[in-house]
Amino acid sequence: MRALFVSLLLTPFLFGCAGVNDRSEYQAQRLGAPVIADAEKCPDGIDAQSMPRYPEEAYRSNIEGWVVVDIELSAEGALVSRRIEAEQPNGIFGQAALDSVDNNAFKGTGKARTCKMLYTFGLNS
C-alpha cells in the first residue's frame, strides 16, 4: 500500500529537524517546484501550522504537484490576503493550499509584510 506524503516546504527553523526539511526539499526538486528565495519565504514563522489535505480525486488518480501561495500579513500576524502565484498542474491543488494558509496562525512581527509558501503534494509507493 502506498504511503501519502504531503509536505510543506518552510524555513528549517520551523521543522526543528534537518531530515524533514531535506525530505521536503527533495520532493520539491523531484516535482519541479520553483525555488523560493530566502528573502521571500515567511521568515517569521508560524504559531500553529495547518497541513493541506490531499485532494481525493488527485490521490485516486496518482496526480502530484505543487502550489506557491503569495501571502500578505498584518503587523500582528493576521492574514490580510493570499493568492495562488503559481501551481502545477493548474487547478488541482490550489484550493487545498489556500485552505491550509487560512488555517495557519502566523507570528506577529510589528510590521506588515508579504511572503510566499511552497506546498508540495507527492505520492510515494
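In the next few minutes I will talk through the salt bridges in this structure.

Please keep in mind that this is a predicted model, in which local features need pLDDT of at least 70 and side-chain atom pairs count only at pLDDT 80 or more, while totals for chains, interfaces and linings use all residues. Residues are numbered from 1 along each chain as its sequence is written, and side-chain values use heavy atoms, with hydrogens and water left out.

Searching the whole structure gives 8 salt bridges, the term meaning a side-chain nitrogen of Lys or Arg within 4 Å of a carboxyl oxygen of Asp or Glu.

One of them pairs Glu64 with Arg30, at 2.9 Å from N to O. Glu64 sits in the loop between helix H3 (56-60) and strand E3 (65-73), and Arg30 in helix H2 (residues 18-30), so this pair ties together parts 34 residues apart in sequence; helices (H or I, at least four residues) and strands (E, at least two) are DSSP runs, numbered from the N terminus.

Is Lys116, which pairs with Asp70 at 3.9 Å between the closest N and O atoms, buried or exposed? Lys116 is buried, with a relative accessible area of 13%, where buried means under 20%, exposed over 50% and partly exposed in between (1.4 Å probe, protein chains only).

Turning to Arg82, its salt bridge is with Asp102, and the closest N and O atoms are 2.7 Å apart. Arg82 lies in strand E4 (residues 79-88) and Asp102 in helix H4 (residues 94-103), so parts 20 residues apart in sequence are tied together.

Finally, Asp70, Arg83, Glu85 and Lys116 are joined into one network by salt bridges that share partners.
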